[in-house]
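The exercises below are meant to be worked through with the sequence and the coordinates open side by side. Each one sets a task and then gives a solution in steps.

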Amino acid sequence: MIKGLIVKGIGGFYYVKTDEQVYQCRARGIFRDQGVTPMIGDIVDIEVQDDGDAVVDRIYPRKNEFLRPPVSNIDMMVVVAAAARPKPNTAVIDKLLVAAEKSSVEIMICINKIDIAEPQIVAGLKEIYEKIYPLVLVSGKTGEGIDGLKEHLAGKRSAFAGPSGAGKSTLLNRLQPSIEAETGSVSSKTKRGRHTTRHVEIFDMDFGGMVYDTPGFTSFDTSDADLGELQFYFPEMRPYIGKCRYDNCRHLKEPDCAVTAAVEAGKISRSRYDSYTAQYKDIEEKNKY
Ligand SMILES: Nc1nc2c(ncn2[C@@H]2O[C@H](COP(=O)(O)OP(=O)(O)OP(=O)(O)O)[C@@H](O)[C@H]2O)c(=O)[nH]1
Ligand SMILES: [Mg+2]
Ligand SMILES: [Zn+2]
């Protein structure tokens with residue numbers, strides 16, 4: 001039995017990195033019978049059989065697991081968004097942030113493509129997010145800000161998550177040129193990425209730590225968070241919770257709501273509050289069925 005880390009999975013094979021090498025493995029049938037699917041990031045025991053084939057034999061309990069992107073055992077979720085091409089979409093950023101907030105995981109935001117973005121767009125994103133989460137402004141193209149990003153990543157297991165074309169793979173190559181992750185273009189017609197990265201893959205960083213590259217997406221479902229819990233996944237709302245006139249205030253249109261008052265006073269950003277109400281309504285709609 002050898003212990004290792006699943007660093008990639010393609011077509012039913014899992015690539016397990018041990019101290020010595022990377023093994024291509026199948027998963028034991030028992031996992032399928034139990035409805036368990038190995039995830040990238042899983043710590044596993046593998047067994048190399050007499051015929052040389054290796055199988056995943058045991059999956060150690062996960063510290064955390066995510067559906068989008070599908071990764072396990074991370075210390076930090078890095079929400080990567082381009083400040084231009086594709087245009088930043090705060091609704092999508094906020095859905096990713098909420099999904100991350102549901103697990104106990106560090107969160108940071110990485111705004112990419114500052115070399116081509118309009119300064120006021122970058123400043124606007126910074127204004128919204130920097131008080132809530134650690135934030136770095138970078139360019140995968142020029143290398144600006146990459147050292148600052150490295151400092152955040154050092155010694156941790158981090159997953160890059162974000163829209164297709166945001167530049168996740170480009171940033172990985174910039175962090176460590178030996179990686180040579182495939183990068184794609186952004187369609188000039190649809191202004192969307194081309195889903196270049198198809199599989200999650202974990203890379204070792206020579207400055208310490210690991211980064212998971214993940215496939216981007218073009219749309220992102222609101223999580224199935226509990227309606228009452230959603231407010232807690234917006235950290236800047238927490239100081240106001242419990243201070244509204246009604247104990248069960250949803251912070252939508254209720255009178256004497258401490259949250260909407262904070263929005264009016266400029267203490268909570270309008271953009272974030274709009275995301276909260278949109279997600280609230282999405283979840284409410286979903287729960288109807
Ligand atoms: N100008 C500029 N272009 C960038 C930057 N970072 C990435 N790009 C370009 O954006 C395009 C998409 O980059 P990728 O790294 O493939 O994006 P991705 O997030 O990995 O996309 P998926 O794998 O589809 O999820 C490529 O053409 C990159 O060259 C940047 O900082 N500035
Ligand atoms: Mg990619
Ligand atoms: Zn309220």
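**Exercise 1.** Find the buried residues of helix H3, and work out how they are placed around its axis.

*Solution.* In this predicted model, the buried residues of H3 are Leu125, Ile128 and Tyr129. Seen down the axis of H3, these residues fall within an arc of 80°, and therefore they line one face of the helix. The next step is to look at the face turned away from that buried side, where the exposed residues Pro119, Gln120 and Glu127 are carried. Finally, the packing partners of the buried residues of H3 are H2, strand S9 (106-112), strand S10 (135-137) and H7.

**Exercise 2.** Check the length of helix H7 against the expected span, and then describe its buried and exposed sides.

*Solution.* H7 has 18 residues, which at 1.5 Å a residue should span 26 Å, and the C-alpha atoms at its ends are indeed 26 Å apart, so expectation and model agree. Turning to burial, Arg272, Ser275, Tyr276 and Gln279 are buried in H7. Because these residues cover an arc of only 100° around the axis, they sit on the same side of H7. The face turned away from the buried side carries Arg270, Lys281 and Glu285, which are exposed. The buried residues of H7 pack against helix H2 (90-101) and helix H3 (119-129), and the list of partners for the buried residues of H3 likewise includes H7.

**Exercise 3.** Why does Tyr276 count as buried, and which residues does it contact beyond its neighbours within four places in sequence?

*Solution.* Begin by locating Tyr276, which lies in helix H7 (residues 270-287). Tyr276 has 23 C-beta neighbours inside 10 Å, and because the cut-off for a buried residue is 20 or more, it counts as buried. Once the neighbours within four places in sequence are left aside, Tyr276 is in contact with Leu230 and Phe234. As a further distance to check, Glu254 is 22 residues from Tyr276 in sequence, and their C-alpha atoms are 15 Å apart in space.

**Exercise 4.** Describe the surroundings of ligand 1 by residue, by class and by helix.

*Solution.* There are 25 residues around ligand 1, of which Gly140, Gly167, Thr170, Thr197 and Gly216 come nearest. Sorted by class, the shell has 4 nonpolar, 16 polar and 5 charged residues. Helix H5 (residues 168-175) gives the most to this shell, contributing 3 residues.

Definitions and conventions:
Residues numbered from 1 in each chain as written. Chains lettered and ligands numbered in written order. Predicted model: local features only at pLDDT ≥ 70, side-chain atom pairs only at ≥ 80, totals over all residues. Helix = DSSP H or I, 4+ residues; strand = E, 2+ residues; numbered from the N terminus. Buried ≥ 20, exposed ≤ 12 C-beta atoms within 10 Å, placed from the backbone. Contact = placed C-beta atoms within 7 Å. Near = placed C-beta within 6 Å. Nonpolar A, V, L, I, M, F, W, Y, C, P; charged D, E, K, R; others polar. Expected span 1.5 Å × (residues − 1). Arc of directions from axis to C-beta.
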